[in-house]
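Biologist: I am new to this structure and should be grateful for a close look at a single part of it. Please choose the part that the model supports best and explain how it is built and what surrounds it.

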Amino acid sequence: MIINTNSLDKIANINFNNCYVVTDFDKTLTSERSKNSWAVLSDNKKIPYGFVKDREKLYNKYRPIEQNENMDYNQKSEIINEWFKECIELFRK
């Protein structure tokens, strides 16, 4: 049962001009146990399984690079940026 229909009205009117997304990519606002934005999306039952599977492939490909402390910073930055773009494109599809 929906009690507060005002909240639903606000959600129904969300668009690019009145919605902001705050992410905490480096865990400065959240705890180490918090899920990241992509994990929250992957756990959502409304997100198609294909997205979850493809995002996981990207994670498995790029995460070791992100954690590699011996890699040149500029090279790593380019690769991580590529990862981000691929995730956004995957989500857009």
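Modeller: The answer below begins with the whole chain and then turns to one helix.

The structure is a predicted model, in which local features need a pLDDT of at least 70 and side-chain atom pairs count only at pLDDT 80 or more, while totals for chains, interfaces and linings use all residues. Residues are numbered from 1 along each chain as its sequence is written, and side-chain values use heavy atoms, with hydrogens and water left out.

The protein chain has four helices and zero strands, where helices (H or I, at least four residues) and strands (E, at least two) are DSSP runs numbered from the N terminus. Along the sequence, this gives the pattern α-α-α-α. The predictor's confidence in each residue is expressed as pLDDT, on a scale from 0 to 100. Its average over the protein chain is 81, and 86% of the residues score at least 70. Confidence is highest in helix 3, with a mean of 92, and lowest in helix 1 (residues 5-12), with a mean of 62. Where pLDDT is low, the predicted coordinates should not be read in detail. Helix 3 is accordingly the part examined here, as its confidence is the highest.

Helix 3 covers residues 49-67. The expected span of a helix is 1.5 Å times one less than its number of residues. For the 19 residues of helix 3 this comes to 27 Å, and the end C-alpha atoms lie 26 Å apart, which agrees. The helix nevertheless has a kink of about 30° at Lys61, shortly before the proline Pro64. Such a bend is the angle between axes fitted to the seven residues ending at a position and the seven starting there.

Six named residues of helix 3 are hidden from the surface. Phe51, Val52, Arg55, Leu58, Tyr62 and Ile65 are its buried residues, where buried means under 20% relative accessible area, exposed over 50% and partly exposed in between (1.4 Å probe, protein chains only). In the protein chain as a whole, which has 93 residues, 16% count as buried. The cover over the buried residues of helix 3 includes helix 2 (37-43) and helix 4, with contact taken as heavy atoms within 4.5 Å. Of the contacts in the protein chain with a separation of 6 or more, 34% are between residues 24 or more positions apart.

The link between helix 3 and helix 4 can be followed through aromatic rings. Rings of Phe, Tyr and Trp (its six-membered ring) pair if their centres lie within 6.5 Å; planes under 30 degrees apart count as stacked, over 60 as edge-to-face and the rest as tilted. The structure holds three aromatic pairs. In one of them, the rings of Tyr59 and Trp83 have centres 6.2 Å apart and planes at 65°, so the pair is edge-to-face. Because Tyr59 lies in helix 3 and Trp83 in helix 4, this pair ties together parts that are 24 residues apart in sequence. Tyr59 is partly exposed, at 32% relative accessibility, whereas Trp83 is buried, at 12%. Trp83 also pairs with Tyr62, and here the rings are stacked, with 5.6 Å between the centres and 15° between the planes. This second link joins distant parts of the chain as well, Tyr62 in helix 3 being 21 residues from Trp83 in helix 4. Tyr62 and Trp83 are buried. Together, Tyr59, Tyr62 and Trp83 make one aromatic cluster.

Charged residues complete the picture. A salt bridge is a side-chain nitrogen of Lys or Arg within 4 Å of a carboxyl oxygen of Asp or Glu, and by this rule there are two. One joins Arg63 to Glu66, whose closest N and O atoms are 2.5 Å apart. These partners lie in helix 3, three residues or about one turn of the helix apart. Glu66 is partly exposed at 32% relative accessibility, and so is Arg63 at 27%. The other salt bridge joins Glu89 to Arg92, with the closest N and O atoms 2.6 Å apart. Its partners lie in helix 4 (residues 73-92), again three residues apart. Here Arg92 is exposed, with a relative accessible area of 60%, while Glu89 is partly exposed, with 31%.
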